[in-house]
Structure formats: structure tokens, C-alpha cells
Amino acid sequence: MEEPFIECKVVIIGYVSVGKTSLMSRIINDYVDNGIKPTIGASYMSKTFSTEKGKVKMQIWDTSGQDRSLTVIPMYVRDSSIVLFVYSVDSNMSIQNIEKWYDDLQRTAPNANLILVGNKIDLENREITKEQGQHLANKFHAQFFEISALQNTGVTELFNAMTDIATNQYDQQTTATRRRSATVITRPPETPKKRSFC
Ligand SMILES: Nc1nc2c(ncn2[C@@H]2O[C@H](COP(=O)(O)OP(=O)(O)O)[C@@H](O)[C@H]2O)c(=O)[nH]1
Ligand SMILES: [Mg+2]
């Protein structure tokens, strides 16, 4: 059987300087450039990864985080399958913003898979404990990861959770397509070779 090709759109949201661009760069290039410039507006990077369940093309949108009301969000979030809310464990301010954005997200993309990410765990001056992060994630019904994009800690686990979401969605949609095909006897079943499922 042909290996599935799964496309998955991800958007990274968080306060200024929490490490959104560093995380995108770490996932796509496995490399963090210390000379990263502030992101203006939004941009994306994409790469195709081989996983056990097939090829997953991740398209990751990076936002600037300067837009306090997140008026820019709907454009990037609406058709995203995965939303990463990133804060920095050394900044209380960065987690407060996330609470506000959660309400926006509920209105904009209630079905997106939300993952809460606490970055910069390599730093000693923590303001947010792991328990506080987990507590917030529970409130959001979101998965939770603590990472260091700089030192590449926890990023593999986060990445695996993202590809799991993508491949599970693919499986669910494929099953639904099969069910539909079984009931439509007069039309030949669709068997798309390449199709976006998330
Ligand atoms: N100590 C530490 N610094 C980080 C980490 N991730 C990013 N940074 C630094 O935080 C600053 C802001 O990172 P950037 O990716 O531009 O943040 P963005 O504004 O959210 O896109 C840069 O100086 C990064 O090198 C991390 O995991 N640990
Ligand atoms: Mg940035």
C-alpha cells in the first residue's frame, strides 16, 4: 500500500521573545540562530518528515506576538490543525497573555488541537513552575510540554505529539471516507493519492 502523505498546518502563538521563532527553527532546521531578528507579521517554514505512519509535511506559521488583541490570529489560526501556545518560564507576563488568547482561540478555532509549551527551562530564574504550567494546560484540556528550544530539551517529545495528532487525524478522516464510500454504491469510492487531512 502506498505510504500516506499527510499535510499539517501549525501556528505558534505567544508573547514577544518567548522563543517562538527559535522553536520553529529548532523543529524545521534543528538549529537555533542566536542572531534571530524579531518576526514582523507572520511567516512560515515547512518540511516533510518521515514517520512510522507515513510522510508528514509540517507547515509551521510563526507570529510576531506584538499584536496584543491578536486581531491577526484568525487569518493564521482558522485552518490550523495544531496551535502551540508558547510562554517563557522566566516570565509571568508571558503566561498571563496566554489566558487572554485562549478566549480568542475558542471563538476562532474551537476544534484546533492546542498544545501549551513552556520554553527556556534552561534558565535559572523561573517565575512559573512546571505545576503551574500543567494546571493551565489542564484547564485548557491541552497537552503540555516544557522545553528549551536553545538547548534542544523536550523538543523531540513535543514534535512527536504533533506528528501523532497529524497522523491520528489522518486515520480518523480516512476511516470516515471509507464509511462514506461503503454507503454510496452507485459512485466509485474516492481514493486520493495526495490530500490534505489537517
Ligand atoms: N535561554 C534561552 N533562551 C532562548 C530559548 N529560546 C529562545 N531563546 C532566546 O530568546 C530570545 C527570543 O527568541 P525568539 O525566538 O526570537 O523569540 P520570539 O520573539 O518569540 O520569536 C532570543 O535571544 C533567543 O536566543 C531557550 O530555550 N532558552
Ligand atoms: Mg519571532
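This report walks through one strand of a predicted model, its partners and the confidence behind it.

## How far to trust the model

Let's start with confidence. Since the model is predicted, it helps to know that the chain has a mean pLDDT of 82, with 77% of its residues at 70 or more.

One stretch calls for care: over residues 184-189 the pLDDT stays under 50, and the model has one contact beyond four places in sequence for them. Where pLDDT is low, the predicted coordinates should not be read in detail.

## Strand S5 and its partners

Strand S5 covers residues 113-119. Seven of its seven residues are buried, so the strand is largely enclosed by the rest of the structure. If you look at its two faces, both are covered: one side carries Asn113, Ile115, Val117 and Asn119, while Leu114, Leu116 and Gly118 sit on the other.

S5 pairs with strand S4 (residues 82-88) in the parallel sense over seven bridges, and Leu84 stands opposite Ile115 there. S5 also runs parallel to strand S6 (residues 143-146), to which four bridges join it; in this pairing Leu116 stands opposite Phe144.

Helices link these strands. S4, helix H3 (residues 92-108) and S5 form a right-handed β-α-β unit. A right-handed β-α-β unit is also made by S5, helix H4 (residues 130-140) and S6.

## A closer look at Ile115

Is Ile115 buried or exposed? With 22 other C-beta atoms within 10 Å, Ile115 is buried, because 20 or more is the cut-off.

Setting aside neighbours within four places in sequence, the contacts of Ile115 are Ile82, Leu84, Ala142, Gln143, Phe145 and Ala161. Ala137, 22 residues away from Ile115 in sequence, has its C-alpha 7.8 Å from that of Ile115.

## The nonpolar core

The largest nonpolar core has 46 residues, and those touching the most other members are Val10, Ile12, Ile82, Val83, Leu84, Phe85 and Val117. In soluble globular proteins, nonpolar side chains tend to be buried together.

Phe85 is worth a click in your viewer. Not counting residues up to four places away in sequence, Phe85 touches Ile13, Gly14, Ile98, Trp101, Leu114, Leu116 and Val117.

## Helix H1

Elsewhere in the chain, helix H1 (residues 20-29) is mostly covered, with seven of its ten residues buried. Those buried residues are Lys20, Thr21, Ser22, Leu23, Met24, Arg26 and Ile27. Asp30 follows H1 and has a positive phi, near 50°.

Terms used:
Residues numbered from 1 in each chain as written. Chains lettered and ligands numbered in written order. Predicted model: local features only at pLDDT ≥ 70, side-chain atom pairs only at ≥ 80, totals over all residues. Buried ≥ 20, exposed ≤ 12 C-beta atoms within 10 Å, placed from the backbone. Contact = placed C-beta atoms within 7 Å. Core = buried A, V, L, I, M, F, W, Y, C linked by C-beta atoms within 7 Å. pLDDT = per-residue confidence, 0-100. Pairing = 2+ DSSP bridges. Right-handed = clockwise from strand over helix to strand, strands pointing away.
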